[in-house]
Amino acid sequence: MELKSLERADDQQWPNVNLAAQRKRAFPISELPPELLGAVLELSLPPTDPMGSVLNHRGTSAYMAALYDLRLVSSLWRDTIDGSPSFWVLVSSGWSRKAVATAVARSGTCPLIIHISPGMISNERAYTASTKEFLRAVNPHRQRWAAAIVALPLEGLLKFFDTPIPRLDTLRLFLTDGSGRIETFDTVTPNSIFLELLSKLQHVHLNHLPLPWDAVLSAFKSLRTLILTTIRDHGIMSEQITQAISNNPFLESLTMMGVETGDRLVSVEGSPCGLDPVVPPKLKVFRVKGSVAFLHGILSRIRLPVGVVEVVVLVLVPGYSSADLAPLTALVPYLLPTIRSLLMWVKKSLIILKDEFEYSWIGYEGSKSFKLELQNFAFAVASGCIVSLTNKLDWTPGFPDLGFATESSFIRSSETLGALKSIRALKHIEISIGLDNSHLAEFLGALSGGNVDTKDDPVPFPLLKSLQLRNWRSGIEKVIKAVKQRYSSDRPEPSRPRCKLRLDFTSSKAAWFPRPDQPKAIIRIDKINRLRSIDGVKSVRFGCLKEQPGMMAVVWNEEESRVVWGELEGKASRSPAY
């Protein structure tokens with residue numbers, strides 16, 4: 001519903017209908033005391049967290065539309081909302097003049113969330129006029145501004161802070177010309193009012209701003225959240241960032257995406273700059289995306305507090321500058337302490353190869369998680385970094401199990417298989433099978449351990465405990481042969497695998513082929529039993545992961561006194577493990 005139509009509905013005269021006799025039956029929620037009813041209605045609205053992603057042009061319009069929808073339910077709900085200032089604290093430049101005036105008036109003395117965005121306006125002159133009109137309506141209430149989300153041209157941003165905003169504790173600044181384009185600007189000097197404001201802010205997001213970062217970052221004193229995005233060519237250095245972290249001991253969340261610093265890699269021997277590492281004691285969220293040189297500058301100076309950090313995301317991309325040709329292996333000594341501390345509080349970590357240009361290492365335990373992602377690097381470079389990291393860690397019993405997951409098409413690559421065999425600590429491998437099972441031929445050859453007479457080389461994946469071949473369709477004989485050779489009694493003792501193997505052939509769907517004219521291929525019980533009878537196999541799991549009406553499953557036939565394939569109508573089929 002458009003805002004104009006909402007306003008027309010607001011102007012309508014409501015009929016004075018007595019619903020007291022029916023209210024309890026029709027609207028039991030309306031029997032709540034007004035303050036409780038208001039709290040319940042607030043929960044049904046879109047969130048208005050100033051640091052959340054909902055507060056863009058569409059998000060603010062959706063909030064106002066949802067608010068007016070609630071007002072239309074009944075006169076009691078309308079009166080409750082109109083009489084509760086907390087419903088009206090969000091004010092956006094994308095709304096009409098009347099909607100803005102209504103929100104400001106009904107918010108009473110509550111702190112305001114000011115939202116200035118170009119929205120769908122593409123003409124710079126119309127955007128400037130609309131913004132000026134909005135500012136004339138909200139500037140008289142500047143003492144009540146608690147949060148501001150501002151997207152303005154450079155000239156407008158400078159004038160925006162000509163007057164103090166005493167209660168402001170949350171600020172998100174985006175540089176725009178009203179058309180959504182991102183351009184390069186010369187560095188501008190902020191006024192003293194702006195720098196004084198920064199010292200009191202608790203939550204800050206700065207995007208693509210041509211500021212003197214030495215002065216800006218040193219001004220922060222009370223930060224709990226800091227987000228820096230798309231900042232390039234303005235003299236920002238990782239040393240300035242780490243100094244800001246050190247100056248803000250209550251910092252809980254740090255996000256840096258698309259930040260290009262002037263750092264260059266130094267020798268990995270010794271500490272760069274000769275300074276002690278910074279340990280932010282309250283940090284819970286740490287997200288960084290940047291070039292090798294940028295992450296080197298950050299990770300060489302920051303040590304994450306063990307047991308405190310909840311979310312860690314490290315994304316490496318090739319540098320924007322052609323001069324940044326540093327190899328990923330130079331970053332390994334600085335990644336090691338971070339990865340080692342993160343692995344102490346997760347139960348399992350998994351290396352994921354999504355495609356040839358995206359390599360990830362993830363770990364999780366409850367609300368805590370970490371992710372190391374390599375994007376747009378050559379596969380040999382990315383895999384070399386991952387292999388080097390895993391093999392330099394001491395995989396003691398207290399460390400989590402390490403797994404690897406990918407599509408079967410990538411196993412065909414000799415580079416992928418070589419990297420996979422080089423990760424000595426692997427305990428779990430998961431491969432989603434494509435239609436062409438020939439992709440797995442080389443992998444099964446490696447799994448088998450090759451020639452059983454080889455005494456010098458240990459079998460690949462010596463610690464492997466679990467092999468998952470998702471959506472397997474055919475070729476089970478090749479798996480049986482590879483597993484039998486892997487655990488052959490003729491293999492010399494030094495080259496034998498150390499763990500028994502769990503095999504998993506479960507599928508996520510009952511109809512395993514995408515084409516309906518192709519038959520379902522289900523592994524025969526006699527072949528499952530052949531696999532299970534191999535001395536080194538601990539269990540074999542097969543079937544479907546989810547309940548599927550009409551799926552095929554093994555059932556016992558009393559008349560024939562044997563197991564047969566039967567139809568389960570609407571019943572859950574569990575993946576049996578033998």
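Start by selecting S222, which is found in the loop between helix 10 (213–219) and strand 6; helices (H or I, at least four residues) and strands (E, at least two) are DSSP runs, numbered from the N terminus. This is a predicted model, where local features need pLDDT of at least 70 and side-chain atom pairs count only at pLDDT 80 or more, while totals for chains, interfaces and linings use all residues. Residues are numbered from 1 along each chain as its sequence is written, and side-chain values use heavy atoms, with hydrogens and water left out.

**Around S222**

Is S222 buried or exposed, or something in between? S222 counts as partly exposed because its relative accessible area is 34%; buried means under 20% relative accessible area, exposed over 50%, and partly exposed in between (1.4 Å probe, protein chains only). Now show what touches it. Leaving aside neighbours within four places in sequence, S222 is in contact (heavy atoms within 4.5 Å) with S199, K200, L201, Q202 and N248. Draw a C-alpha to C-alpha distance from S222 to L201: they sit 6.1 Å apart in space and 21 residues apart in sequence.

Stay with K200 from that contact list. K200 forms a salt bridge with E196, and the closest N and O atoms are 3.9 Å apart. The rule here is a side-chain nitrogen of Lys or Arg within 4 Å of a carboxyl oxygen of Asp or Glu. K200 is partly exposed, with a relative accessible area of 47%, and E196 is partly exposed at 45%.

**On to strand 6**

Next, pick T230, in strand 6 (residues 225–231). Check its backbone: phi of T230 is near 50°, a positive value in a residue other than glycine. Most residues other than glycine have a negative phi. At 23% relative accessibility, T230 counts as partly exposed.

Where is N376? Look in the loop between strand 12 (368–375) and helix 14 (379–392). Phi of N376 is near 65°, again a positive value in a residue other than glycine. N376 has 52% relative accessibility, so it counts as exposed.

**Salt bridges in helices 4 and 5**

How many salt bridges does the count come to? By this rule there are 12. Select D82 and R71 for one of them: their closest N and O atoms are 2.8 Å apart. This pair links distant parts of the chain, with D82 in helix 5 (residues 75–82) and R71 in helix 4 (residues 57–71), 11 residues apart. R71 is buried, with a relative accessible area of 3%, whereas D82 counts as partly exposed at 22% relative accessibility. Add R106 to the selection, and you have R71, D82 and R106 linked in a network of salt bridges.

Then move to R78 and D79, a salt bridge whose closest N and O atoms are 3.5 Å apart. R78 counts as buried at 18% relative accessibility, while D79 is partly exposed, with a relative accessible area of 47%.

**Rings and charges**

Keep R106 on screen and bring up W88. R106 lies over the face of W88, at 4.8 Å from the ring centre; that calls for NZ of Lys or CZ of Arg within 6 Å of the ring centre and within 35 degrees of the ring normal. R142 lies over the face of F160, at 5.6 Å from the ring centre. From F160, widen the view to W145, F161 and F194, since W145, F160, F161 and F194 form one aromatic cluster.

The structure holds six aromatic pairs. W361 and F370 form one that is edge-to-face, 6.3 Å centre to centre with 70° between the planes. Rings of Phe, Tyr and Trp (its six-membered ring) pair if their centres lie within 6.5 Å; planes under 30 degrees apart count as stacked, over 60 as edge-to-face and the rest as tilted. Both W361 and F370 are buried.

**Last stop: S448**

Finish at S448 in helix 17 (residues 441–448). Which residues is S448 in contact with, leaving aside its neighbours within four places in sequence? Show A482, Q485, R486 and R491. S448 counts as buried, at 6% relative accessibility.
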